[in-house]
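Biologist: I would like a close look at one histidine and the part of the fold around it. Could you take me from that side chain outward, to the sheet it sits in and then to its neighbour?

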Amino acid sequence: MKHRIIGESFPVLICEMDRGEKMITQRGGMSWRTANIEMSTNSTGGLVKGLKRTLAGNNFFLNHYTALSDGQEIAFGLSFPGEIKTFDVSGGKDIIAQKNAFIACTEHVDIDIFFNKKLGAGLFAGEGFILERFSGDGLVFIEIDGHTQEYDLKPGEKLVVDQGCLAAMEPTVTFNIEMVKGLKNIAFGGEGLFLGNLTGPGKIWLQTLPINGLSRVIGTGGKS
């Protein structure tokens, strides 16, 4: 399966498929396709897998698109201005990504959920508690809100982030949710009650325009 990503602020993923090749996406995830592609909708992995996906902000049912002849084309767009990032999870190179990051994947990629280790903090922190984990054999395409900034953390190296800024990370990175210290910081700092603490080793991908930040701006009628 060949693919290309075109566009800038509103990119689109275009996949060129030969007979028998398959792409999987969420409900409503397709932008356009050529005529000789068959669509089927199913729970993909059964009841348990479907329920797990809903916890990560995805759909219970996924759409499967199979090429019935060579040279077919299917396209997937973004739901928000940003970038499309491609990951090859073959050979045990799993990727953990933010909720709602999934755009599409090839047939043999497994989609699961990843729970943050600190359950107590996660119950209150909301975003960042439940993430998505992609494994198996093939390509997965995820949505990045805004611009992507990549870091390769050394063992023990730490980075503190707004939870919504974490787009993806390698499984070797430890991600904990910690409460902001100091009553004055909580009340007047504007950073919320919880922040994400990332500890290496491993790569992380941050996004510059998280939807939670945009929601705060809209809710207050502007920047504050």
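Modeller: In this predicted model, H64 is found in strand 6, which covers residues 62-67. H64 counts as buried, because its relative accessible area is 8%, under the 20% that sets the limit for that term. The side chain of H64 also makes a polar contact, at 3.4 Å, with the side chain of N42, and N42 belongs to strand 5 (37-42). Strand 5 and strand 6 run antiparallel and are joined by six bridges; along this pairing, T41 has N63 of strand 6 as its bridge partner.

Taking the wider view, strands 5 and 6 belong to an open sheet of six strands, ordered 5-6-3-10-13-8 and paired in the antiparallel sense. Strand 5 and strand 8 (82-88) stand at the edges of this sheet, and each has a single partner strand, so one side of each is left without a neighbour in the sheet. On average, and with direction ignored, neighbouring strands here are turned by 20 degrees against each other.

There is also an open sheet of four strands, with the order 1-2-7-4 and antiparallel pairing. Its edge strands are strand 1 (2-6) and strand 4 (30-33), each of which pairs on one side only, and neighbouring strands in this sheet are turned by 20 degrees against each other on average, again with direction ignored. Within it, strand 1 pairs with strand 2 (residues 12-17) over five bridges, in the antiparallel sense, and H3 stands opposite C15 of strand 2.

Key
Residues are numbered from 1 along each chain as its sequence is written. This is a predicted model: local features need pLDDT of at least 70, side-chain atom pairs count only at pLDDT 80 or more; totals for chains, interfaces and linings use all residues. Side-chain values use heavy atoms; hydrogens and water are left out. Helices (H or I, at least four residues) and strands (E, at least two) are DSSP runs, numbered from the N terminus. Buried means under 20% relative accessible area, exposed over 50%, partly exposed in between (1.4 Å probe, protein chains only). A polar contact is a pair of N or O atoms within 3.5 Å; within protein, one must be able to donate a hydrogen and the other to accept it, and residues adjacent in sequence count only if both atoms are side-chain atoms. Two strands pair if DSSP finds at least two bridges between them. Axes are lines fitted to C-alpha atoms, for helices over the stretch in contact, and angles run from 0 to 180 degrees between N-to-C directions.
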